Amino acid sequence: MVNVKKYARVSERYTTKGISARTRIVAPKQRGPLYSRATFFERNCPLQFEPRDQFEQRQKKLEQIQALGHAAYPHEFRWTHTPAAIVAEFGKAEAAELEAKKVEVRTAGRIVSYRLMGKAGFVHLQGSGARIQIYVRKDVVGEAGFALFHLLDMGDSVGVRGHLFRTKTNELSVWVEELTFLSKAFLPLPEKWHGLADVEIRYRQRYLDLIANEKSREVFVTRARITQELRKFFDARGYIEVETPMMHPVVGGAAARPFVTHHNTLDIDLFMRIAPELYLKRLTVGGFDRVYEINRNFRNEGISTQHNPEFTMLEFYEAYSNYRDLMDLNEELFAELAKKVTGSTVVKYGELELNFGKMERLSMREAIIKYWPAEAGAAPTAEELAAVGGPTRIGERYNAWAKPAGAPYAAAKGVLSAGQWIGLLFETFAEAKLVQPTILYDFPTDISPLSKQKPDDPTLTERFEIYVAGMEVANGFSELNDPAEQERRFLAQIAQGGDEVPKQLDVDYIRALAHGMPPTAGEGIGIDRLTMLLTDSQSIRDVILFPQLRPIAGGAEESPNSAETA
RNA sequence: AGGGGCGUAGCUCAGUGGUAGAGCAGAGGCCUUUUAAGCCUAAGGUCGUGGGUUCGAUCCCCACCGCCCCUACCA
């Protein structure tokens, strides 16, 4: 709980009532102890943030800046160079050259270091992802300009006009002739050389993370480049990008628990989508032969370093192709993407070096044979895995060893079909072994309700997944386009029951298939995980700007009247 | 959900069963080429919360809360 009495006492000392209405700030709610309501005498800035002493102090400084004749919140600053542009253009220019040219620049940024030395001072401005030092002298900017300089704090935004030079220590700097106040920071920046280390604040107040941690900024710039390159890749191949509904009357397209929401006027429950798949395939029926969507999916499941309740997926569909065509396309896509984004097809990921230049291909049955633990006895053969009742026997044989040995146990929920056993065995001991980019193909039909069966073996489908660093990053298949078979599989799923399975038949999807869908291959790629791999991030929260976190206990619900009623 | 770790000044961290420590940030002063600028002064803490043991708890014990990691479901 907020210590109301303490704040009330402080408030009497530092009243902010002289500040004009225009200086009000609108700020996000924070955890309880970090903010409170102003007292009756401080209506101009109703929310008070911690640290209070600086919050008050800096508001007073803004008043003084206004008293010097500056606007509290100027509307623009015309610049000629961003800090990054100065560094890029003149980073190598020598002192004599700069002196001769006397390059005039106007640039702006946020103050990230501030060193005042009597009648002069040095400041670093951060903007456009770079830093440029500025040098402010009293005898150059004048009495009024230097008074303004005195009232600046770390975190403030300023603009400067001046020329470039190099200091004694040879740092490229702006010799400031005119200083323009742009915006006041009432709250301090994160600590200056440890930066912002508190991961919770990094996620909750991402803006601070982006200011303080260059690595974090780079991750999100890279993320933007990834989606940009993906769009280029598909656009160049004749695809069109679409947006399909995020609110679905019937869940489908994946096995996952949905979020439920409600539409008031229609008075119906809607499901936040768990996959765009069924809508995108309706579009291939409609004649969009090559179509993709990059957007959010929502799954009401666990949160972990690899799972966020909302995550971004690229899904794409290509008519007249099959899953082999997609495998080839993926090899090209991953290699090209890695190269364009990181500069190399070999990418560092933690302790690993991932080679996107080449993808191993392995069928699911081969993976089980290959990664079968040697201690568990002789590995099963391909014939055993294909035999009637084979997978069940193999699963029981594995578990008979795993349980006493303390190895990962293949915990079957209820009675599993042969295909379910294959999938379970793969996940139990093989999946985590797929470190280098691997295309794992030929999934059992039982666990692939939307994939087309193999012509020579109806127990298997033409489906593959891509694994990297033990993580599933993509899932694609030759799309099942036989409406009768699709209906049979949906009904089998519904009969199977369980939270993760659709409970309702998507009749319109079957009808769409009944209008005839060309042979089509489709795939989904997890953009968050892909970004993790290409930015060397170990947690999905490091690649999602505002990851879902547990709400702050008490804080957000703090009574607006608590200070007044205390 | 189960197991492990962490929680001390605004930040990063020391520390002790007997009145709480540093650096940085913030305030005041000096300083016209600094860059972790420097020097001087003062200020800043319900040691996560609640119980218990004790003459006395920030420290020991218990519970709870929050965050992180691992495992389970999942992409």
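## Strands, helices and cores in a predicted model

Seven bridges join strand β3 (residues 104-117) to strand β4 (residues 120-127), and the two run antiparallel. That pairing is a handy way into this structure, which is a predicted model. The model scores ipTM 0.82 and pTM 0.86, and chain A averages a pLDDT of 85, with 88% of the residues scoring at least 70. Here is a tour by topic, starting with the strands.

**Around strand β3**

- β3 and β4 form a hairpin with two residues between them, and in the turn Gly-118 has a positive phi of about 65°.
- Across this hairpin, Met-117 has Ala-120 of β4 as its bridge partner.
- β3 also pairs with strand β6 (residues 157-166), again in the antiparallel sense and over seven bridges.
- In that second pairing, Arg-110 stands opposite Ser-157 in β6.

**A three-stranded sheet**

- Three strands form an open sheet in the order β9-β11-β10, with antiparallel pairing.
- β9 (247-248) and β10 (260-263) each have a single partner strand and stand at the edges, so one side of each has no neighbour in the sheet.
- Two bridges join β9 to β11 (residues 268-272), and Met-247 stands opposite Met-272 in β11.

**Helix α11**

- The buried residues of helix α11 (residues 364-371) are Met-364, Arg-365, Ala-367, Ile-368 and Tyr-371.
- Seen down the axis of α11, these residues fall within an arc of 160°, so they line one face of the helix.
- A general point helps here: an α-helix has 3.6 residues a turn, so residues three or four places apart point the same way.
- The partners that the buried residues of α11 pack against are β16 (360-363), α12 (382-386), α14 (418-430), β17 (438-444) and β19 (457-468).

**Helix α16**

- Which residues of α16 (residues 507-514) are buried? They are Tyr-509, Ile-510, Ala-512 and Leu-513.
- Those residues cover an arc of only 155° around the axis, which puts them on the same side of α16.
- Val-507 and Ala-514, on the other side of α16, are exposed.
- The cover over the buried residues of α16 includes α9 (277-285) and α15 (483-496).
- Just after α16, Gly-516 takes a positive phi of about 95°.

**Nonpolar cores**

- The largest nonpolar core has 42 residues, of which Leu-230, Phe-234, Leu-314, Phe-316, Phe-356, Ile-466 and Leu-534 touch the most other members.
- Helix α10 (residues 323-342) gives the most to this core, with nine residues.
- Leaving aside neighbours within four places in sequence, Phe-316 is in contact with residues including Phe-234, Tyr-239, Val-291, Tyr-292, Leu-326 and Leu-329.
- The contacts of Phe-316 also include Ala-521, Gly-522, Glu-523 and Ile-525.
- Apart from the largest core lies another, of 32 residues, among them Ile-111, Phe-146, Leu-179 and Phe-186.

**Confidence along the chain**

- Among the elements of chain A, strand β8 (residues 240-241) has the highest mean pLDDT, 98, while helix α1 (residues 4-13) has the lowest, 23.
- Over residues 1-44 the pLDDT is below 50, and this stretch has 93 contacts in the model beyond near neighbours in sequence.
- Residues 553-566 also stay under 50 in pLDDT, and the model has 18 contacts for them beyond four places in sequence.

Conventions
Residues are numbered from 1 along each chain as its sequence is written. Chains are lettered from A and ligands numbered from 1 in the order in which they are written. This is a predicted model: local features need pLDDT of at least 70, side-chain atom pairs count only at pLDDT 80 or more; totals for chains, interfaces and linings use all residues. Side-chain values use heavy atoms; hydrogens and water are left out. Buried means under 20% relative accessible area, exposed over 50%, partly exposed in between (1.4 Å probe, protein chains only). Helices (H or I, at least four residues) and strands (E, at least two) are DSSP runs, numbered from the N terminus. The arc is that of the directions from the helix axis to the C-beta atoms. Contact means heavy atoms within 4.5 Å. Two strands pair if DSSP finds at least two bridges between them. A nonpolar core is a set of buried Ala, Val, Leu, Ile, Met, Phe, Trp, Tyr and Cys residues joined through side-chain atoms within 4.5 Å. pLDDT is the predictor's confidence in each residue, from 0 to 100.
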